[in-house]
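Visitor: Hi, I'm new to this one and would like to go through a few places in it. Could you show it to me before we start?

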Amino acid sequence: MTDIHADRILILDFGSQFTQLIARRVREAGVYCEIYACDAEPALITAFKPSGVILSGGPESVTDATQYPIPQPVFDLNVPVLGICYGMQALAAYFGADVASADHSEFGYATVRARGHSALLKDIQDHVTDEGYGMLDVWMSHGDRVESLPEGFKLIASTDNAPIAGFADEQRHIYALQFHIEVTHTKQGAAIVNRFVHDICGCANDWQAQSIAADGVARAREQVGSANVLLGLSGGVDSSVVAAMLHQAIGEQLTCVFVDTGLLRYGEGDQVMATFSESLGVKVIRVNAEDEFLAALKGIDDPEQKRKIIGGLFIEIFEREARKIDNVQYLAQGTIYPDVIESAGSATGKAHVIKSHHNVGGLPADMKLKLVEPLRELFKDEVRLVGRELGLPAEMVDRHPFPGPGLGVRILGEVRKDFADTLRRADHIFIQELRQHDLYNKVSQAFAVFLPVKSVGVTGDGRRYAHVICLRCVETTDFMTAGWSRLPDDFLDIVSRRIINELDNVSRVVYDISGKPPATIEWE
């Protein structure tokens, strides 16, 4: 079997909000990559044995005394290096060039002239000037600029505000670009990434869904051996793909536990059981634990505390069920890369804690079971592709993400059964209408939120004083950033009227128009 990790790119993270996008672009180019902190131990960098290194952007200035220098092993490896934004400025400073604050910062769209016929940019352009110069439409985000070329480097790109917007040393294969090639706003960004990882670094195109799936199956089989595995099956995309992967890897050694928390979507319990147990032949145990979860959450209104209670109770139930099965040594989870990142558990250790995830934030230190997490390093789009390769139906693979704590973090404040029942029905109406209007697959995630406030309404000739439902719908490619969906007014009117008319305890429906950032996709 092909070693899909043989060719690899190392991304050094200097704190950019776009670092994860660099990783996604490299993987989309069919090449495996990992992200290390910019101050990672030199021995770790050397041991990784990358085919090339990419230096990310970052919020700091290379003129600041506290900035992180580029680790020396990056150059000792004698592999191609590409610096992006801060990474370019760090390269300039490393090789003795001047970097200073620009008179005019560049944030947003810019047009770059590709001046040098470099191996990195040759024949990559968006349009050509009357004089025959290749031009690139790019995205800039910088306040500093490189004032002089490092010795031995040539100019390969420029803008009116940044005369040095790119430089290269072709002999040593060191390249630097001021603009961000990882964002979709840079139209030729993917072409530049492909040029670097394939033509310059010499990486093969082996990081593909079929290979990832086969590798995941083989690794899981090797890790588990003859032991039995317990999987917490939520019915969401991630745990469903893990179930399919492990079922293929170890068959009857896998037992899935589906915990009906009372915080699931409308009809979800029956749907999960029908899909996995009846259609796919996976061994699934259903545990009805609504009373346990509601009792544990009674009086709790802090989001982080709710998440940890739900995560901890999940583990308790898993271990309880595990004791009923012989030779269970592993707990499988659908943890994916964004879960780890947002819980500040990534290898860089530089992320701020936004929220903990039940997969990575609720595990007790004394847990008896070892973990199997075959999707831990995959982005959501990669998980979906792998799911298709494993034969999961489209309606399951393309399902919108659902948080591990379920409706527990979509009910703001204290979780109560009547709140959950109301939210479940409101959410079902929203999703049902999205599907009927052919909008469900055109947005990335949609759901309803229960707000713990009441509002006055009028129904017929009477006064209604009842709760408020908020609708949330976003569009994103990576779930690290997201924009709110511009749903048609007529559609929102239909959904609002249905929710208010069909639910006696709802008086008002609102629509969330916050992007991520500054908001998160989920409300808690």
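Visitor: How are H6 and H7 oriented to each other?
Guide: H6 and H7 are oblique to each other, because angles under 35 degrees count as roughly parallel, over 145 as roughly antiparallel, 65 to 115 as roughly perpendicular and the rest as oblique. Helix H6 covers residues 209-224 and helix H7 residues 237-250, and they pack at an angle of about 60 degrees with their axes 9 Å apart. The axes are lines fitted to C-alpha atoms, for helices over the stretch in contact, and the angles run from 0 to 180 degrees between N-to-C directions. Helices and strands here are DSSP runs numbered from the N terminus, with at least four residues for a helix (H or I) and at least two for a strand (E).

Visitor: Which residues make that contact?
Guide: On the H6 side they are Ala213, Gly216, Val217, Ala220, Arg221 and Val224, and on the H7 side Met245, Leu246, Gln248, Ala249 and Ile250, where contact means heavy atoms within 4.5 Å. By class, the contact of H6 with H7 has eight nonpolar, two polar and one charged residues. In this scheme Ala, Val, Leu, Ile, Met, Phe, Trp, Tyr, Cys and Pro count as nonpolar, Asp, Glu, Lys and Arg as charged, and the others, Gly among them, as polar.

Visitor: Before I go on, what kind of model is this?
Guide: It is a predicted model, in which local features need pLDDT of at least 70 and side-chain atom pairs count only at pLDDT 80 or more, while totals for chains, interfaces and linings use all residues. Residues are numbered from 1 along each chain as its sequence is written, and side-chain values use heavy atoms, with hydrogens and water left out.

Visitor: Back to H6, then: at what angle do the axes of H6 and H13 cross?
Guide: The axes of H6 and helix H13, which spans residues 380-389, cross at roughly 80 degrees and come within 9 Å. That makes H6 roughly perpendicular to H13. Ala209, Gln210, Ile212 and Ala213 in H6 meet Leu385, Val386 and Glu389 in H13, and by class this contact has five nonpolar, one polar and one charged residues.

Visitor: And how are H15 and H16 oriented to each other?
Guide: H15 and H16 are roughly antiparallel to each other, since helix H15 (residues 417-436) and helix H16 (residues 489-502) pack at an angle of about 150 degrees, with their axes 10 Å apart. Arg425, Ala426, Ile429, Phe430, Gln432, Glu433 and Leu434 in H15 meet Phe491, Ile494, Val495, Arg498, Ile499 and Glu502 in H16. By class, the contact of H15 with H16 has eight nonpolar, one polar and four charged residues.

Visitor: Changing topic, is Ile200 buried or exposed?
Guide: Ile200 counts as buried at 15% relative accessibility, where buried means under 20% relative accessible area, exposed over 50% and partly exposed in between, using a 1.4 Å probe and protein chains only. Ile200 is found in helix H5, residues 189-200.

Visitor: What is Ile200 in contact with?
Guide: Leaving aside its neighbours within four places in sequence, Ile200 is in contact with Pro80, Ala119, Leu120, His173, Tyr175 and Arg195. Val81 is 119 residues from Ile200 along the chain, and their C-alpha atoms are separated by 9.5 Å.

Visitor: You mentioned His173; what is its phi?
Guide: His173 has a positive phi of about 60 degrees although it is not a glycine. His173 sits in the loop between strand E9 (166-169) and strand E10 (174-177), and at 35% relative accessibility it counts as partly exposed.
Guide: Cys85 also has a positive phi, of about 55 degrees, and is not a glycine. Its place is the loop between strand E4 (81-84) and helix H4 (86-94), and Cys85 is buried, with a relative accessible area of 4%.

Visitor: Where does Asp512 lie, and what does it touch?
Guide: Asp512 lies in the segment after strand E19 (506-511) and counts as buried at 8% relative accessibility. Not counting residues up to four places away in sequence, Asp512 touches Cys470, Leu471, Arg472, Trp484 and Trp523.

Visitor: Which residues are joined by cis peptide bonds?
Guide: One cis peptide bond joins Lys516 and Pro517, with omega about -10 degrees, and another joins Pro517 and Pro518, with omega about 10 degrees. Pro517 is in the segment after E19, and Pro518 is placed in the segment after E19 too.
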